[in-house]
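Reader: I should be grateful for a close look at a single part of this model, namely the surroundings of the ligand. Please explain what lines that site and how the neighbouring elements are arranged.

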Amino acid sequence: MVLNNIFIRVTDITDYYFCPRKVYLKRVMHYEEESTEQKIFGSIVHSIFDRINDKEKDIIYSIKENKGYEYILNLYNQFTYKLIEDILLEFDEEIQKLKLDKNKIKIKSYNYVSKDIEERAKNVYNFILESDLYGIELWENLEPKLVTEIDVTSLKNNIIGRVDRIEIYKDEMIPYEIKSGFYRREHVTQLYAYYLLLKDEYPKYKINKGYLLYAKDNYKKEIEFTNKKEIENILYTKDKIYNMIEEKKDPGKVYKDACKKCLFYNICWK
Ligand code: SF4
């Protein structure tokens, strides 16, 4: 089924499993789940990751000998501090308009991206130990390359999403969905949806498995993409959401325990 220009987000699909009305309120009624401050913070963090993905090769080009992990981490950190300064300047107008504390955002941004920076530095250090390569050669041969917060689109299915992390090998990709809480069934669906998107956007890569990474416990759950039913359910749900958006049809509210934790509780029940 070819859809017009309505793109369904992966988060719409997982939200729909949680409650169809939640998707209706967001996509048809345009209610926001996030405050403006959260949104700006999200955009800042995304810009930081975008720039790191883009410029990481410059950091790696500058590594000319093995001076140890701390040295590499320090290169990443210096780059990131400067990057955060530059990006906060770009967001200066919004920050001032909302009277936000720039220093707090700076610290919060660094804390948010620091784990990713450590992972990248570790990845490079381990690869140097294995390969003894440096500079351009190191970058060209580095496996895996790590990229973070990547926007992916399936034009075939009209679905968009943002993958938390992808490990890129020469002919293989491994997507990661990183969670701060505990395992829930819909996390598997989310990872499958990213698999679907990546398969469409990067057809030359083998994508056989992905990981749910639970950051608090540093626990990794491997998911093999072998369940065709999961894909069918995602596409079926995507079509239902599409129809709901196009027809602007309220699916109605049904009280359940989850309502108490839902950010739209006041809209639905007060
Ligand atoms: S409050 Fe309940 S019915 Fe309303 S959107 Fe949230 S989960 Fe759905």
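Author: In this predicted model, the shell around the ligand consists, by class, of eight nonpolar and three charged residues, with no polar ones. The residues in question are C19, R21, K22, L25, K253, A258, C259, C262, F264, Y265 and C268. Two helices each contribute at least two residues to this shell: helix 2, which spans 20–28, and helix 10, which spans 265–269. Helix 2 provides the largest share, with three residues.

Helix 2 therefore merits further attention, for it also packs against another helix, helix 9, which comprises residues 228–247. The axes of helix 2 and helix 9 are 10 Å apart and form an angle of about 50°. Angles from 65 to 115 degrees count as roughly perpendicular and those under 35 degrees as roughly parallel; helix 2 and helix 9 are therefore oblique to each other. The crossing of helix 2 and helix 9 is right-handed. On the side of helix 2, the contact is formed by V23, Y24, R27 and V28, while helix 9 contributes I241, M244 and I245. Sorted by class, this contact between helix 2 and helix 9 has six nonpolar residues, one charged residue and no polar ones.

As for the wider setting, an unreviewed UniProt entry places the feature "domain: PD-(D/E)XK endonuclease-like" at residues 10–268. In the model, the span 10–268 is 58% helix and 15% strand. The C-alpha atoms at the two ends of residues 10–268 lie 23 Å apart.

Notes. Residues are numbered from 1 along each chain as its sequence is written. This is a predicted model: local features need pLDDT of at least 70, side-chain atom pairs count only at pLDDT 80 or more; totals for chains, interfaces and linings use all residues. A residue is near a molecule or strand if its C-beta atom, placed from the backbone, lies within 6 Å of it. Helices (H or I, at least four residues) and strands (E, at least two) are DSSP runs, numbered from the N terminus. Ala, Val, Leu, Ile, Met, Phe, Trp, Tyr, Cys and Pro count as nonpolar, Asp, Glu, Lys and Arg as charged, and the others, Gly among them, as polar. Axes are lines fitted to C-alpha atoms, for helices over the stretch in contact, and angles run from 0 to 180 degrees between N-to-C directions. Angles under 35 degrees count as roughly parallel, over 145 as roughly antiparallel, 65 to 115 as roughly perpendicular and the rest as oblique. A crossing is left-handed if the near helix is turned anticlockwise from the far one by less than a right angle, and right-handed if clockwise. Two residues are in contact if their C-beta atoms, placed from the backbone, lie within 7 Å. UniProt positions are given in the numbering used here, feature names are shortened, and annotations may be inferred rather than shown by experiment.
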